[in-house]
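Q: Let's go through this model and ask what sits behind each label. Ready when you are.

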Amino acid sequence: MARYILRRLISVIPTLIGVTFVIFMFQRLIPGDPAVAMLGEHAAPENIARIREQLGLNRPLFLDRDSLVQGDLGGFFDSQYVRYLSRLVKLDLGNSIHRRIPVAETLGLRFPATVELALLSMLIAIFVGIPVGIISAARRNSLIDGVSMMGSLVGVSMPIFWLGLMEIMLFAVILGWLPTGGRLSTGVQIQSITGLYLVDSLLTWNIPGFVDALKHIIMPAIALATIPMAIIARMTRSSMLDVMQEDYIRTATAKGLAERVVLFRHALKNAFLPVITIIGIQAGTLMAGAVLTETIFSWPGIGKWVYDAILGRDYPIVQGGTLLIAIIFVFFNLLVDISYAFLDPRIHYD
Amino acid sequence: MTPLMDLKNLRVRFHTDEGMVKAVNGVSYAMEPGEILGVVGESGCGKSVHALSIMRLIQTPPGKIESGQVIFNDRDLLKLSESEMRHVRGREIAMIFQDPMTSLNPVYTVGFQIVEALKLHKGLDEKAARERAAELLTLVGIPGARQRLDDYPHQFSGGMRQRAMIAMALSCEPQLLIADEPTTALDVTIQAQIVDLVIRLQQELGMAVMWITHDLGVVAEMAYKINVMYAGYIIERGQVRDIYKKTRHPYTIGLLGSLPRIDEPPGTKLVSIPGLPPDLLALPTGCPFYARCTYRVERCLEENPSLEEADGVEHTVACWRWEHIAGRVSS
């Protein structure tokens, strides 16, 4: 197992290099120039040239053919991408073009907000989706099955931004129960330990802080959870239905076990493999879905930050933020693969 | 002697998109304690469905036990609540199935699956249950039983899995073991071992055994009585000797004729029954075997014969012409 994990971790490196390449290239395919974005459309050309020089934007993207022609091998490799990679190896994500502060610093500040939102959404999706799927399968073609499958169909089809806006409209504007956005009300303080406000406020037994944080996070978390919840519920249902046809389920019933035991002990563990795969994929997509949700709810996480950076052509932020999301995605997939071996004794790695 | 189980007029239906499948059509018979009963017939004749109905393991819907009684230990199993029925399953009646490859849960160890039943019905604690499970595996002839408890089903061969299934079924000392074609999926040599094992255990433990098969050769060796089923009916029933020597139903004759015999001269052709069993969606009003029968007369088309006493001890047959057949088939 340890060898397998090590091998998988090593194989992550080429994947991530590929990711940096794709992010780097696609970003620069978007029209627009950071220097122009900084100085405005009517800036003097020499000022723009100076800024480009400072940021290294005057260098070629990948390789400098002219330097090679002149026999300057160092200059040949002195491109934007190679500079970026060589900084990355030193774990330096560069500085924000506009704010002039290290990307890593802001990332460290904003990342916990996204993690908190994504984790809570995932927990909601799992703890609602899986039981709904199981009940639907156990009471197949009943009213409760019909309602929950209809609900999940609506759930998958609903655009996050629309759902988010409707939530704000109902709970914040009309009913006034919840704040429209943000992470904490002004004046509320939570001592930071993990950076996750819900956890920190509980650790320090700060109940008013916890309630305030919960009020802020609940709407974006539900908006973000809807699609994965619906997908998990449908996957659980169909996987359970498959497993419940198996002979060993009949054996378990013939033994005299209660339906509950048959479902949760004998069927669920077998039905879990496809479900966990879906959960892994959803966990990754969730990080990406956070971009929309965070924007709507002004959630101070990396999603909104990256979104703003794309508009401002702030290349280092986009690169840093996206790379982090990619790493998380790869990590979740590794976690899923490892969990297979724990769920199914027939699966062995090495 | 009061019978262990008394089946009365059991009818089972399946409601499908194509219509109603009449799977079991009024089956009645009794089983004594400790009796070995063979249930034979072609695929789809209602053997398995009637057995699963006794355990109330028919998937409902689409299946439904339409009417009848299953009197077991003086109470009707069909009238028990689901939770009362759970105490019958595994403890009073246990079942082993056709395919040992798929009948054990792949994600739990063999030991866990045996221990589970012991804890449920015998109230044993983990340690005692494991002890007993190891004994049971030894009893069914699995060497190194204690170590093999922690193996998963995929680490067992087919024959060993069926042995483990038998150990699991016998764990709570049931009064009736229903074996639904337990050897069909196994190699011939393994088949014989499993048959011997069940006969030996039946003698040691004294339980009744219902052995469902399409292999008349196997039941001849072990059973005391045989039910021959066709299209959801019992069409002939009697002691093994009478079924083989005083065969009275044309279908049974056909079944026996399709068995190869070792004392036949080489080159003798096996007799097969022409045609297929009737569509259970649309059973004929007359005898269900009419279309394939070589002894048929007008009456067979109009009226379905019910079981009546034939010659022999407790020998019953559902055929208008059994006396005619008795005259022609040399006994």
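Q: What is the bridge partner of B:Val39 in E9(B)?
A: That's B:Asn227. This is a predicted model, where local features need pLDDT of at least 70, side-chain atom pairs count only at pLDDT 80 or more, and totals for chains, interfaces and linings use all residues. Residues are numbered from 1 along each chain as its sequence is written, while chains are lettered from A and ligands numbered from 1 in the order in which they are written.

Q: What makes E3 (residues 36-40) and E9 of chain B a parallel pair?
A: Two strands pair if DSSP finds at least two bridges between them, with a strand being a DSSP run of E, at least two residues, and a helix a run of H or I, at least four, both numbered from the N terminus. E3(B) and E9(B) share four bridges and run parallel, so they count as a pair.

Q: How do you know which way E10 (residues 233-239) of chain B runs against E9(B)?
A: Antiparallel, with six bridges joining the two. One of the matches is B:Val228 with B:Glu236. E9(B) and E10(B) form a hairpin with two residues between them, and B:Ala231 in that turn has a positive phi of about 50 degrees.

Q: Why is E9 of chain B (residues 225-230) called largely enclosed?
A: Buried is a matter of counting: 20 or more other C-beta atoms within 10 Å of a residue's own (12 or fewer is exposed, in between is partly exposed, and C-beta atoms are placed from the backbone). Six of the six residues of E9(B) are buried, so the rest of the structure largely encloses the strand. Both faces are covered: B:Lys225, B:Asn227 and B:Met229 on one side, B:Ile226, B:Val228 and B:Tyr230 on the other.

Q: What makes the span of H9 (residues 160-174) of chain A close to what's expected?
A: The expected span is 1.5 Å times one less than the number of residues. With 15 residues, H9(A) should reach 21 Å, and its first-to-last C-alpha reach is 20 Å. Its buried residues are A:Leu163, A:Gly164, A:Glu167 and A:Ile168, and they pack against H11 and H13 of chain A. Just after H9(A), A:Gly176 takes a positive phi of about 70 degrees.

Q: Which residues does A:Ile232 contact, leaving aside neighbours within four places in sequence?
A: Contact needs C-beta atoms, placed from the backbone, within 7 Å. Among the partners of A:Ile232 are A:Ala125, A:Gly129, A:Val275 and A:Gln282.

Definitions and conventions. Two residues are in contact if their C-beta atoms, placed from the backbone, lie within 7 Å.
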